[in-house]
Amino acid sequence: MSLSNEQIVDAIAAKSLMEVMELVKAIEEKFGVSAAAPVAAAGPAAAAAVVEEQTEFNVILKSAGDKKVEVIKAVRAITGLGLKEAKDLTEAGGVVKEGASKDDAAKMKKDLEAAGATVEVK
């Protein structure tokens, strides 16, 4: 005899939490799978948590390009670093700004690229 999905869900809903946990363990053992993620019945709240939009971005200087002096000026304007520190960062490359908002990161990337740098936002 075959049960419909609705009948299975109703039967699970009637069980206690301990019984459901035992059922999950039995299914894992029977089919060789893992229920590491929250149970699908958690609803839209769980799905929304998985699809969170990134809110903080890192601006990474990949290359200074040919206009190194212009890039150093842009790095100083963004970071507030001294001349030597900005020069070192420009020559070595690396993270210019961590935890920037999407708009700020886009503006920094635009400013650095206008100065001649190659930039990545992650």
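Select β1 (57–63) together with β2 (94–100): in this predicted model, the two strands run antiparallel and are joined by four bridges. To inspect the register, display Phe57, which stands opposite Ala100 in β2. Continue to Val59, whose counterpart in β2 is Lys97.

Next, add strand β3, residues 118–121. β3 is also antiparallel to β1, and four bridges connect them. Here the pair to display is Leu61 and Val119, which stand opposite each other.

With the three strands selected, the open sheet can be read in the order β2-β1-β3, with antiparallel pairing. β2 and β3 occupy the edges and have a single partner strand each, so one side of each lacks a neighbour in the sheet. On average, neighbouring strands are turned by 20 degrees against each other, direction ignored.

Now bring in helix α5, residues 83–92. The helix α5 packs on the sheet, where it touches β1 and β2. Its direction makes about 105 degrees with that of β2.

Which residues of α5 are buried? Select Ala86, Leu89 and Thr90. Viewed down the axis of α5, the buried residues fall within an arc of 100 degrees, so they line one face of the helix. An α-helix has 3.6 residues a turn, so residues three or four places apart point the same way. To see what covers the buried residues of α5, show β1, β2 and α4 (68–79), which are among the covering elements.

Rotate to the other side of α5, where Lys84 and Ala92 are exposed. Finally, select Gly93, just after α5, which takes a positive phi of about 80 degrees.

Notes:
Residues are numbered from 1 along each chain as its sequence is written. This is a predicted model: local features need pLDDT of at least 70, side-chain atom pairs count only at pLDDT 80 or more; totals for chains, interfaces and linings use all residues. Side-chain values use heavy atoms; hydrogens and water are left out. Buried means under 20% relative accessible area, exposed over 50%, partly exposed in between (1.4 Å probe, protein chains only). The arc is that of the directions from the helix axis to the C-beta atoms. Contact means heavy atoms within 4.5 Å. Two strands pair if DSSP finds at least two bridges between them. Axes are lines fitted to C-alpha atoms, for helices over the stretch in contact, and angles run from 0 to 180 degrees between N-to-C directions.
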